[in-house]
Structure formats: structure tokens, C-alpha cells
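Work through the following exercises with the sequence and the model open. Each task is followed by a solution in steps.

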Amino acid sequence: MSVGGIVGVVIASIFVLLVIIVFVSHIKIVKQTNKYIIERLGAYKCTWSTGIHLLVPFVERIAKVVSMKEQIYDFPPQPVITKDNVTMQIDTVVFFSVTDPKLYTYGVENPIAGIEALTSTTLRNIIGDLDLDETLTSRDIINNRMRLILDEATDPWGIKVTRVEVKNILPPKDIQNAMERQMRAEREKREKILLAEGEKTSAITIAEGHKEAAILNAEAEKQATIKKAEAEAESILKVKKAEADGILMLKEAEAKGIEYINNAKPSKEVLTLRSYEALGKVADGKATKIIVPSDLQNVASLATTIKEVVTEK
């Protein structure tokens, strides 16, 4: 083979090798989480999904590789002014995902910069309607309002804002110091209130205990007095009953007649009754001598008993 033939074969081999290299380099495998935006001669042609695709050399190109995963961007703190003219720094975290790769590619020049600008302006508008205390206690309201506004604004860009979180709220240093003093005073106030309530409850409990003890003591004394009075009354009734029975026995003995007295030895009761009769005669004023029996005390006691029985009847 001549030299010219060898050169031709080498050139042909190199050309074939170059064609194979170019062909292989234009074979693309699209992953499940990505979308490829393909342009032909500068115009949008199609969107590649998962699988193997062949890119026409020198005619088509991959304009953008779009990730379909949910993306998270932590934006730097933004200065905002509250309704009561307090300037603070607030940084936010935005969660979003791409719903339309074509709109995401051609809808806006820089989607991330656009979301950051929207977040900043939306945050200023929302915080401008709230005072300091509301801003510190209304994170959920701020998050929801920002998500709705950003989601609506980014819809033409093929973006779905799934969540917005206010990460940090940084008031000025003097405001932070004032808030710390206020919280310390509030804690001390709650402590004093709890101590006072505890002392009050303790005093009430002690007073109620003394009250119940006094009531129980009075009730016990009352019951004891009643029992004692009942016992004394029962004792007196028994004594009186015994005395009344003795008087009845005397009357029965007297009713039996003088014969019993003359023919039998008089009993103690009969003698006592006769003593009473003698005393009656002495009391009429006709007697010049008074004989006092030796058992005068017993006679007087029995006379009193007879009087009480007669009075009761």
C-alpha cells in the first residue's frame, strides 16, 4: 500500500473514532430526581425525564438541569421596622420545590434571588402591621402569611413554596435588656404571688383546724353535761321513788288500825308517823313543854319528803 493510501486510512480511522466519541458523549442518562431542559438552535424543544436520551450534536444542547427535590434556602437577616418603630433583624428559611421545569428555567432570570427579594419585601410588609410584642408572639401567623404570599407570587415561575419559617428575631440590644428585666420582674412577681397564696392557704387550714377542734370540744362538753344531768336526774327520781314508796307503806300501815299498833310492836315507820302527829300538836300552841326527839334530823328529812310527795300529787 502506498503512503497516500496509509494516510487516507489513518484519517478515516481518526474520523470514525471522533464520530464515535461525539456520539457517545451525547448520550445522556437522566436521573429520577432531575429534569433536563433541551434547546434546539436556541429554542426550547422538550424536557427530558428519567431514562437514556440522545442529544443531536451541534444542534441541540442542555439548557438547564432542574432538580425536582424540595429545596431549602436560609436567607440572611433582613432589617425590618415594627408598627411601634422598633428596628430588628429577622432571618427566614424558605422551603420550595419545582413543579414546572420549563417555567422555572424561562420564567425568571434567577429564581433564588427572586425568592429572596420577595421574602424581604413580604416580611417588611407583614412586620410593619405588627408591634414588637405581636411580632415576638405571632410567628405562626407570620409564617402562614408569608407562605401564602410567596406561593402565589412564585407560581408563574413553576415554584411551589411549601413552608416558610422565621428562624430568628433579633431586637436591638437595649430592647433585649428591657425584655430580660421585664421577664425577671414577672418571674419575681409570680414567685411572690405563689408564696402569698401558700401562706394564705396554710393560715386558712390552721384556722379551720382550730375551729373544728373548738366545735368538737364544745360538742363533747355538751354531751358530757347532758349525760351528767341525765344521770343526776335519774338518781333523784330513784331516790324520790324510794321515798314515795316508803310513804305509801306508812299510809298502808296506818290504815290497818289502832289494833295493830296496840297488839304488835310498832315498826320504825309507825313510830315516825306518830312523831309527826306529836309535832303537829306541839305546833298548835297549847303545849307548855316541847320534847325534842333524838332523831330530829331524820324526822325533818322525812317530813320534807312527805311534803314533796303530797305536793306532786
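**Exercise 1. Check the length of α5 in this predicted model.**

Solution. Start with the count: α5 has 16 residues. At 1.5 Å a residue, taken times one less than the number of residues, the helix should span 22 Å. The end C-alpha atoms of α5 are 22 Å apart, so the expected span and the model agree.

**Exercise 2. Determine how the buried residues of α5 are placed around its axis.**

Solution. Use under 20% relative accessible area as the cut-off for buried. The residues of α5 that pass are I142, N143, M146, L150, D151 and T154. Next, take their directions from the axis: they cover an arc of only 150 degrees, which means that they lie on the same side of α5. An α-helix has 3.6 residues a turn, so residues three or four places apart point the same way. Now turn to the other side of α5, where D140, L148 and E152 are exposed. Finally, look for the partners of the buried residues: they pack against β8, α3, α4 (132-137) and β9.

**Exercise 3. Locate the largest nonpolar core and describe the surroundings of I90.**

Solution. The largest nonpolar core holds 28 residues, and I90 and I142 have the most contacts inside it. At least two residues of this core come from each of β8 (87-98), α3 (111-127), α5 (139-154) and β9 (159-170). A separate, second core has five residues, among them V30, I38, W48 and L55. For I90, set aside neighbours within four places in sequence; its contacts are then P76, P77, Q78, V80, L123, I127, T135, V166, N168 and I169.

**Exercise 4. Is T82 buried or exposed, and what does T82 touch?**

Solution. First place the residue: T82 sits in the loop between β7 (78-81) and β8. Its relative accessibility is 3%, so T82 counts as buried. Then list the contacts, not counting residues up to four places away in sequence: T82 touches M88, I127, G128, L130, D131, L132 and T135.

**Exercise 5. Examine the positive phi values of L41 and F58.**

Solution. Begin with L41, a residue other than glycine whose phi is near 55 degrees. L41 belongs to the loop between β2 (34-40) and β3 (43-48). With a relative accessible area of 71%, L41 is exposed. Repeat the steps for F58, also a residue other than glycine, with phi near 65 degrees. F58 belongs to the loop between β4 (51-54) and β5 (60-67). Its relative accessible area is 76%, so F58 is exposed.

Notes
Residues numbered from 1 in each chain as written. Predicted model: local features only at pLDDT ≥ 70, side-chain atom pairs only at ≥ 80, totals over all residues. Heavy atoms only, no water. Core = buried A, V, L, I, M, F, W, Y, C linked by side-chain atoms within 4.5 Å. Buried < 20%, exposed > 50% of the residue type's maximum accessible area, 1.4 Å probe, protein only. Helix = DSSP H or I, 4+ residues; strand = E, 2+ residues; numbered from the N terminus. Contact = heavy atoms within 4.5 Å. Arc of directions from axis to C-beta.
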